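Me: I would like to go through this protein with you, beginning with the chain as a whole and then turning to particular places in the fold.

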Amino acid sequence: MDSKMIEVIEKQSGNKTINKIRLEFAAVSDNESFARMVAAAFIAPLNPTLEEMSDVKTAVSEAVTNAVIHGYENRNNPEDRVYMDCMLQGDVLEVVISDRGVGIENVQLAMEPLYTSKPEQDRSGMGFAFMEAFMDDLEVESEAGCGTLVRMCKKIGVSSWIDSEE
């Protein structure tokens, strides 16, 4: 097993603690719930509200599901990988979900509510709409044949327990 599968990095930036994790996992549907729980555990020290916790878990779930279903076309090949990077800078969470799958030919079209490239699989076409609704910021970068990167940010709570400890 690769010792870099889960990497935790913590460093100081001025008066704010920056905490980062990097997670790599097989692009199989079973790992979607794992990614959600990791993101939830990562923000727990900020004492998020239930709504904030649910928002982050839903957005991560949608991004990972998109990587598995669309990026890797649900092949369930354990060699296909999804990458999740989470960073807390003060009370702001940044989550990046990326893959090296087929990519998105038209990102603008893919982000339209109800658009799906897989209607035969009963996909709702609401993944990006949910990510955008539940997070404060959403950016999607993709290149056909090279993969997709989804960057989401959300301010959590009023203040971090880390800041109150100082």
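Me: What percentage of the 166 residues of the protein count as buried?
Reply: The model is a predicted one, and the value is computed from it. A residue counts as buried when its relative accessible area is under 20%. Across the 166 residues of the protein, the share that meets this cut-off is 46%.

Me: In what order do the helices and strands of the protein run from the N terminus on?
Reply: The protein has five helices and six strands to place along the chain. Read from the N terminus on, the order of these elements is β-β-α-α-β-β-α-α-β-β-α.

Me: Is Ser61 buried or exposed?
Reply: Ser61 is part of helix α2, which spans residues 50-71. Its relative accessibility is 11%, and the cut-off for a buried residue is under 20%. Ser61 therefore counts as buried.

Me: Which residues does Ser61 touch, not counting residues up to four places away in sequence?
Reply: Contact here requires heavy atoms within 4.5 Å. With residues up to four places away in sequence left out, the partners that Ser61 of helix α2 touches are Glu32 and Arg36.

Me: Which elements are included in what covers the buried residues of α4?
Reply: Helix α4 takes in residues 127-134, and its buried residues are Gly127, Phe128, Ala129 and Met131. The cover over these buried residues includes two helices, α2 and α3 (107-110), together with the strands β5 (137-143) and β6 (147-155). The elements asked for thus include α2, α3, β5 and β6.

Terms used: Residues are numbered from 1 along each chain as its sequence is written. This is a predicted model: local features need pLDDT of at least 70, side-chain atom pairs count only at pLDDT 80 or more; totals for chains, interfaces and linings use all residues. Side-chain values use heavy atoms; hydrogens and water are left out. Buried means under 20% relative accessible area, exposed over 50%, partly exposed in between (1.4 Å probe, protein chains only).
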